[in-house]
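User: Could you take a close look at the salt bridges for me? I'd like the cut-offs spelled out as you go.

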Amino acid sequence: MFKNPIDSLFEKLTNRLDEPVWLQKKRRQAFKNFQDLGLPTRKSELWKYTDVKRLERLPDVTDVAEGNEHFVFTIEGGLPKETTMSNIIDIKEANWQDIKTDKERVFVELNTAMLNSGFELSIAKNSQLKLHIQYQQISAAWENIRTVINIGENAQLDLSESYDYDCRINHVAIINAAKNSTIKLQSNKLLAKTEALIHYLKINCAKNVSVEQSTVNNNASLSHTIEDVDFNGEHCHFKAASVNVAHDSCHIAENIQTNHLVGHCKSEVIKRSLATDKGQVAINAKAVVSVAADGSDVAQSLKNILLSDDAKIYSRPELEINTDDVIAAHGSTIGELDELSLTYLRSRGIPKEQAKLMLIESFLQDANIFKLENILDLIEL
Amino acid sequence: MNFKRCKLKRLDGQNPSYEKNKIMLKINNIHAQVGDNKILKGLNLQVKPGEVHAIMGPNGAGKSTLGNVLAGMEKVQVTEGSVDFLGKDLLELEIEQRASEGVFMAFQYPVEIPGVNNMYFLRAALNAQRKYRGESEMNSSVFLKLVREKIKMMNMRDDLLRRPVNEGFSGGEKKRNEIFQMSILEPKLAILDETDSGLDIDALKIVADGVNQLRNADRSFIVITHYQRLLDYIVPDFVHVLADGKIVRTGDKSLALELEETGYGWLDK
């Protein structure tokens, strides 16, 4: 996908597209940026434990998808009044939102260059929307999807999203939350062990925004997520929890950065990860508290369990505090299932596998904030 | 010191009268070690249904190791000997199989398991055992009724059931919880490993009372303890003195009283 054929793929794509000049310019600039930045390497902090060559090893990667039938929307009760949805290709130039990229976020540039599908959803103020989106894999080629969701003042969004099991998607998502809005976001990334997902998520929070986010990552040859959250207004409350389960030779990388640009916002990041066989999980959680962000409250809890000798987990909580009046706590643990607890459960007649699942269920409890009932079905012991 | 006074017999755990009745547990020449440390060195013991056997002895004698061997704790390695439990080779069974066959171990240090609700755990355990025995699972309403009935017996607070297993429990509450679990699971053989340790006298009475209520003609107990005081409340049929990995003396309850007076210094003579 990323070596020589990509030049011709890009040409092929842009030549056949009939779209506004400004978007063509964006594509060309993004493609140049992508080429200039180059692929991430082990020197890139957010890719330090992720081998990007895993993408090259995927079969049939040398093509690019086209077309727009890549989503299935299920909207409860229909779209609220004055809420609009449009194809990403059809949006006005003024509505296009550039994302600051670097070598870590270089796939955002590739997404812009090769963009083939997406939408912009603008939720009217004071309205409520409950929505499920299924991101579909139409062909064997890579999908480059861009989604933008603008949430109006006092609006509420309850979004659950899932990706096709056979997924090869580079997804860039932007959520702009106006003041007093509330977001409940559930992402299910339950992928085949041979497939890949590159996901970049940017959440911009105005004053008094509340976000509750739950993500489940299961398998994939490579599932790599970078999430940047900006608090632009005070009194925001952000809680992100994720459960990550890597079997066989799967690799899951989750990177989240919360940027406390103003004071009196609270961010809470909870990650619970399991790796078995030769599975790998890499977790980075960073919180940056700016000079002006007094009264910030930051918590990071990263807990990880290795279920086999060959499994690997990298876990890194990080705080960058640039002011004095801050409450901050972070912690990271990596271990095995507690043998004493396992023995205790078994001593009451509970079979070993069931006892393990009970301990895993209790381990995941903190991160299963939406109380997903079938979460244990993901675990292959 | 006068051991003749209490009419001790050197039985080494073998009482010929056992053979007249069915034997529930027969431990034959057990040798066991933890790592390279040989702890049990040819221990023999027979237990019939309904009997209560107290195991006493100095520190390091192998009392808890005996309990661990019977319960199937993996840290203990049996190198020689056999254990027959109701006609089955106990040593061939996994921990959970032993439990389902009716062996229950009340731990000296019950484990705290954050996140696993006590009720959920108990119901999972009961139904796992029922499934093993080919019985149907107990539904939640019947289980709840059973729990309410048994919890009164142990004088336990209801809210402990809704909390994670043993998490935040006091020492006494943990021990009571062990006996409460026993009352729900109704084992054939219960091993109480220093259940009296860390208990004040009131808690001791409550725990002992719970055990006594579970005593019947089909259920046997092996009570491992350092102190005679527990045996004031749980009156044993036999008291065994374990020293250096073997049972060296066996007697009735009076042996425990004698040990309380004399200690274990005589073992060195």
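Analyst: Here is a walk through a few of the charged pairs, with the ground rules up front. This is a predicted model, where local features need pLDDT of at least 70, side-chain atom pairs count only at pLDDT 80 or more, and totals for chains, interfaces and linings use all residues. Residues are numbered from 1 along each chain, chains are lettered from A in the order in which they are written, and side-chain values use heavy atoms, with hydrogens and water left out.

Over all chains there are 30 salt bridges (a side-chain nitrogen of Lys or Arg within 4 Å of a carboxyl oxygen of Asp or Glu). Let's start with Arg346(A), which pairs with Glu74(B) at 3.0 Å between the closest N and O atoms. That contact crosses between chains, from helix α5 (residues 339–346) of chain A to the loop between α1 (63–71) and β4 (77–85) of chain B; helices are DSSP runs of H or I, at least four residues, and strands are runs of E, at least two. Arg346(A) is buried at 3% relative accessible area, while Glu74(B) is partly exposed at 48% (buried is under 20%, exposed over 50%, partly exposed in between, with a 1.4 Å probe and protein chains only).

Arg346(A) also bridges to Glu94(B), again with 3.0 Å between the closest N and O atoms. Glu94(B) sits in the loop between β5 (88–89) and α2 (95–101) of chain B, so this pair joins two chains too. Glu94(B) is partly exposed, at 39%.

Within chain B, Glu101(B) and Lys88(B) meet at 2.6 Å, N to O. They link helix α2 to strand β5, 13 residues apart. Glu101(B) is buried at 12%, whereas Lys88(B) is partly exposed at 38%.
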